[in-house]
Amino acid sequence: MKKTAYSGLILGPIRWLRKIRGFRIVYTPLLAIVLFTAVMGIILGTLHLQEKTQQEAALFRELSFAKQRIQTRFTSNLDTLTTINREVAASADQFKLKQIAREQAEDLVVNNHEIIKIIWLNNDQQREWVVPAESGKSDWISKTQNEQLINSSLASTIELSRVTSRAAFSQFVSLNLQGDEPISAERRIVLWQVVPNIVSGEIVGFLAALYTTQGILDVIPAELKSNYRFTLLTDDERVLGISSDKNTPKRAFSNQTSLDIGVLSPNLTLRIDTYPPPTNLTFRMLIGVVLGLSAFVVWSLWSVLKQMQVRQEAEASLRAETRFRNAMENSTPVGIRAHDMQKRITYVNRAFCEMTGWSADELIGLTPPFPFWPDSRKDELVEKMNLAMKSDVNLIMRVGIEGAILKRDGTLMQTRTFISPLINEKDKQTGWVTSLIDISEPKKIREELAASQERFTTVLESLDAAVSVVSLETNALLFANRFYRERFGDDSKGHYQLAGSDSNNTTMRDIAEDLEEFTPGIPSSFLYQESESEEVQLSDESNQWFEVRRRFIPWVDGHLAQLLIATDITTRKEADDLALQQQERMQFTSRLTTMGEMASSLAHELNQPLSAISNYCMGVAKRLEGNLDPALNKEILPALEKAAEQAHRAGTIIQRIRGFVKRSEPQRKESNIAEIINDAVGLVEIEAHRHRLTISSEITENLPVVNLDPVLILQVVVNLLKNALDSVREAYPLSSRWSAPPVRIRADLDTSIFPAMLRIQVTDTGGGISENVLERMFEPFFSTKSDGMGMGLNICRSIIESHHGRLWATNVQDSEQTKLAGCTFTILLPLESTQSKVNI
């Protein structure tokens with residue numbers, strides 16, 4: 001314990017010395033920077049302080065000199081004014097002496113710029129003379145509004161001088177002068193100095209001198225004012241005069257002193273401000289050189305400091321990286337060894353030693369063939385190693401070399417080796433680095449997976465269903481079994497046919513992108529969820545039916561793919577269709593039976609009222625005969641007869657339809673087709689006029705008499721005419737129907753076939769009939785009208801076919817053959833019935 005404490009005491013100072021040494025190495029430049037900067041700051045500060053002291057001393061001397069000049073001038077002026085007073089008093093009776101005194105006053109005004117006027121006043125304050133002499137041009141006071149202010153100030157000053165019997169000064173007077181002339185600016189602020197003229201103790205007059213404050217500053221020499229700015233101020237810092245309007249710098253030196261110009265004078269302050277001194281180029285260059293050298297030294301020391309810090313950080317990073325690499329190499333299961341250019345082992349990590357069972361000391365220095373290689377494969381592995389070191393490095397890095405290692409305990413390990421060149425700091429190769437991974441277990445698993453894959457493929461190939469997998473990213477066929485290849489080939493077109501899309505469809509790609517983007521958050525149950533089975537019919541010539549089931553699966557490369565299983569159900573669909581057709585036929589038969597029963601019931605129910613209507617009409621006609629005006633008989637009796645005839649006809653139609661539904665033969669007789677068409681036109685024409693439409697008929701003359709059921713044929717023609725009117729009514733709005741072409745019905749003989757047949761054609765100018773409607777328009781219960789039963793045309797065709805004729809429809813094109821311009825229904829009836837032919 002004592003020994004440990006003693007060793008700690010010894011190591012403690014050593015650690016501190018190392019820390020101090022590191023501190024000294026790193027922070028010595030920083031300390032030098034601080035000391036150099038401080039010394040240079042002290043030197044420059046001392047020089048600046050010394051220069052400031054010298055400038056302040058020089059400023060005080062100049063201010064004292066200027067003050068002395070001003071005070072000396074006022075003293076000299078006072079002496080001169082006193083002398084003039086004495087001469088004026090002595091020359092009371094001598095005109096020549098007065099003239100001499102006045103000339104002395106004029107000389108004083110001329111030689112002293114601060115005095116602008118001298119006035120001699122007697123004891124009664126009356127002006128005796130004024131210097132300079134007043135005139136209309138020079139008397140600037142009387143021409144302004146300042147005369148009263150000046151005179152008032154003069155009077156108060158004279159009174160002060162009279163009381164004190166001494167020279168007195170007035171307060172400063174600010175004048176309101178017009179214009180911006182320099183002389184106006186100089187005379188803007190003035191003051192009076194009054195000197196009493198005392199003779200034998202009595203005041204006999206006053207000598208008053210008018211000063212300008214700006215003129216007082218002219219006493220100061222011009223060379224002094226060129227270097228400094230002088231300002232006269234009052235006690236309240238009011239500027240009375242200034243030597244220059246030029247601004248002084250912000251850091252200019254300033255000093256001021258009180259200015260005493262007389263015993264009874266107002267308080268004045270004289271202030272002096274420095275201008276920027278003339279440039280001292282030598283001194284400034286010296287200061288610039290010193291500052292530049294100082295900056296360079298500081299920058300150099302700072303650069304040294306940064307370089308040392310970078311070096312220390314690099315050394316620390318290098319140590320950390322070295323430790324990290326050692327830890328990584330020791331922790332990785334990958335074996336690493338290094339070779340020099342002679343393929344001699346120069347380094348091995350711990351994992352490689354554990355792989356081989358050899359120590360690092362035993363392995364370093366070995367050359368191939370190595371003792372840890374199996375004896376049977378040494379030549380092979382040496383050749384592979386030589387080939388790898390001469391081949392493309394990128395290829396070797398991607399693929400690697402399969403090899404084997406024989407441990408010391410005799411265990412054989414399958415390995416994969418990756419080789420990379422070892423480059424030094426001079427970009428020169430000094431050897432090779434190889435890394436080995438144990439692939440014994442993965443290789444075993446891969447072999448088992450290959451066997452399992454073979455079994456799975458065999459099962460898929462034997463299925464009687466198409467199995468395919470398509471990449472949603474590239475649309476490539478990733479897998480297809482035998483059944484798929486035999487029917488759809490080796491591309492993905494069949495897959496997309498079964499999926500109900502094509503390979504250019506972007507919907508599947510969008511789904512794939514969304515799923516791939518959010519795959520980490522989507523549960524695997526969603527990806528593997530199978531879609532509901534759907535039945536798909538191929539659009540090719542085979543028209544085969546398949547039951548298709550799909551799901552999205554992640555493929556082996558990580559991208560999404562679609563798995564599709566399609567079972568051929570063509571045989572089952574054909575059986576289902578046949579059963580459906582049989583069921584529809586049974587339903588149709590049932591509906592026809594029901595309709596026949598309804599027709600029989602209607603015929604029974606309607607025969608009685610129709611017979612009654614006919615009988616009543618005939619009875620009324622009998623009673624009216626001979627009892628009415630002949631004119632009325634001509635109007636009423638024909639109408640009643642027609643009503644009875646139509647009621648009888650309606651009953652006949654119902655009986656014929658009932659008989660037709662009961663599959664009885666039509667009641668044929670020799671009929672004139674022209675009469676049937678005219679009756680049909682007459683029945684439909686009333687409805688046509690109500691809708692502003694017309695019907696035109698073209699009947700060939702001398703048509704033969706045809707053996708047919710006139711009631712049923714009349715019903716067919718009426719139905720076709722009504723359909724034609726409906727078509728035109730839909731094609732033309734109500735406002736333009738008068739200009740619509742008429743519905744045409746034509747009857748002639750068709751001699752283009754043998755034997756010739758009676759042809760009836762009904763043509764309209766409506767919008768025609770679409771192809772899909774043409775195919776189904778004669779089917780029972782098929783109608784394009786919302787309130788139609790779908791039995792009209794079906795019954796018409798059945799009636800025509802019962803007469804061994806034909807009924808069909810064709811569309812009419814416009815003159816440019818670009819669009820439909822109507823439709824024509826054609827009826828062909830034989831001129832002789834089949835029964836008559838048999839009798840013959």
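This briefing describes one antiparallel sheet with its packing helices, and then three individual residues. The model is predicted. At its centre is an open sheet of 5 strands, arranged in the order β12-β11-β15-β14-β13 with antiparallel pairing. The residues taken up afterwards are Trp 373, which lies in the loop between α9 and α10, Asp 764, which belongs to strand β25, and His 113, which sits in the loop between α2 and β1.

**The sheet**

- The edges of the open sheet are formed by β12 (345-348) and β13 (401-406), each of which pairs on one side only, and neighbouring strands are turned by 35° against each other on average, with direction ignored.
- Strands β14 (residues 412-423) and β15 (residues 429-438) are joined in the antiparallel sense over 9 bridges, and Pro 421 stands opposite Trp 432 of β15.

**Helices on the sheet**

- Helix α10 (residues 378-390) packs on the sheet, where it touches β11 (335-340), β13, β14 and β15, and its direction makes about 140° with that of β13.
- Helix α12 (residues 440-461) lies across β13, β14 and β15, and runs at about 120° to β14.

**Trp 373, in the loop between α9 and α10**

- Trp 373 counts as buried because its relative accessibility is 6%, which falls under the 20% cut-off.
- Although Trp 373 and Ile 405 are 32 residues apart in sequence, their C-alpha atoms are 5.1 Å apart in space.
- Leaving aside neighbours within four places in sequence, Trp 373 is in contact with Arg 337, Pro 368, Lys 378, Leu 381, Val 382, Met 385, Ala 404 and Leu 406.

**Asp 764, in strand β25**

- Asp 764, found in β25 (residues 757-764), is buried yet has no salt bridge, and the nearest side chain of opposite charge, that of Arg 744, is 9.4 Å away.
- The side chain of Asp 764 is nevertheless joined to that of Ser 727 by a polar contact of 3.5 Å.
- When residues up to four places away in sequence are not counted, Asp 764 touches Ala 724, Ser 727, Val 728, Ala 821, Gly 822 and Cys 823.

**His 113, in the loop between α2 and β1**

- His 113, placed between α2 (95-111) and β1 (115-122), is partly exposed because its relative accessible area is 43%, which lies between the 20% and 50% cut-offs.
- The side chain of His 113 makes a polar contact of 2.6 Å with the side chain of Asp 218.
- His 113 and Val 219 are 106 residues apart in sequence, while their C-alpha atoms are 8.0 Å apart in space.

Note on methods. Residues numbered from 1 in each chain as written. Predicted model: local features only at pLDDT ≥ 70, side-chain atom pairs only at ≥ 80, totals over all residues. Heavy atoms only, no water. Pairing = 2+ DSSP bridges. Helix = DSSP H or I, 4+ residues; strand = E, 2+ residues; numbered from the N terminus. Axes fitted to C-alpha atoms, helices over the stretch in contact; angles between N-to-C directions. Contact = heavy atoms within 4.5 Å. Buried < 20%, exposed > 50% of the residue type's maximum accessible area, 1.4 Å probe, protein only. Lys, Arg positive; Asp, Glu negative; His and termini not counted. Salt bridge = Lys/Arg side-chain N within 4 Å of Asp/Glu carboxyl O. Polar contact = N/O pair within 3.5 Å; in protein donor to acceptor, adjacent residues only side chain to side chain.
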